[in-house]
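Biologist: Mind walking me through the ring packing here? I'd like the reasoning along with the numbers.

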Amino acid sequence: MRFLFFIFLLISFAKSSESPYELGKSLYMKNGCYSCHGRDLEGMHNYPYLANRAKGYMSYKLKRFRSKISENQQQDLMIPFALNLSDEDIENLTTFMYEFVKEESKKKYDDKFYREGDGGS
């Protein structure tokens with residue numbers, strides 16, 4: 001019994017150590033949001049971009065979708081995705097959307113100079 005309690009404690013501690021950004025990112029990927037909004041939140045086809053949007057606005061929209069409220073037929077597609085989101089899930093998702101930075105942009109610029117060739121003759 002103590003062993004199970006210890007395992008449960010470790011799992012809960014491991015989950016809580018993730019940042020809201022990382023939790024939001026995993027939720028975004030797990031729920032398949034990328035299939036319409038893109039892996040880089042750039043939006044695809046007629047679906048809007050989500051990268052670096054205001055947290056308050058995105059939270060407002062997700063809570064409306066969760067309440068089965070939409071403004072047009074295209075937004076109706078979001079309702080099934082938002083129905084099972086908790087307030088914490090919405091907070092994590094909006095943090096991910098607001099703070100999103102492309103993975104390639106995170107890499108530091110390499111300013112090393114390499115001499116190659118014969119000088120451009």
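Biologist: Is Phe 100 buried or exposed?

Modeller: This is a predicted model, so everything here is computed from its atoms. Buried means under 20% relative accessible area. Phe 100 has 11% relative accessibility, so Phe 100 counts as buried.

Biologist: And how many aromatic pairs does the structure hold?

Modeller: Ring pairs tie Tyr 21, Tyr 28, Phe 96 and Phe 100 into a cluster. For the structure, the count of aromatic pairs is 3.

Biologist: What kind of pair do Tyr 28 and Phe 96 form?

Modeller: Their centres are 5.4 Å apart, with 55° between the planes. Planes under 30 degrees apart would be stacked and over 60 edge-to-face, with the rest called tilted. That makes the Tyr 28 and Phe 96 pair tilted.

Biologist: How many residues apart are those two along the chain?

Modeller: Tyr 28 sits in helix α2 and Phe 96 in helix α7, so this pair links distant parts of the chain. Tyr 28 is buried at 1% relative accessibility, and Phe 96 is buried at 1% too. Along the chain, the separation is 68 residues.

Biologist: What about Phe 96 and Phe 100, what geometry does that pair have?

Modeller: The centres of Phe 96 and Phe 100 lie 5.7 Å apart, with 85° between the planes. Over 60 degrees is the cut-off to use, so the call for this pair is edge-to-face.

Biologist: Which arginine has its charged end over the ring of Tyr 34?

Modeller: A separate case has Arg 53 over the ring of Tyr 49, 4.9 Å from its centre. Over Tyr 34, the charged end lies 4.3 Å from the ring centre, and it belongs to Arg 39.

Technical notes: Residues are numbered from 1 along each chain as its sequence is written. This is a predicted model: local features need pLDDT of at least 70, side-chain atom pairs count only at pLDDT 80 or more; totals for chains, interfaces and linings use all residues. Side-chain values use heavy atoms; hydrogens and water are left out. Rings of Phe, Tyr and Trp (its six-membered ring) pair if their centres lie within 6.5 Å; planes under 30 degrees apart count as stacked, over 60 as edge-to-face and the rest as tilted. Helices (H or I, at least four residues) and strands (E, at least two) are DSSP runs, numbered from the N terminus. Buried means under 20% relative accessible area, exposed over 50%, partly exposed in between (1.4 Å probe, protein chains only). A charge sits over a ring if NZ of Lys or CZ of Arg is within 6 Å of the ring centre and within 35 degrees of the ring normal.
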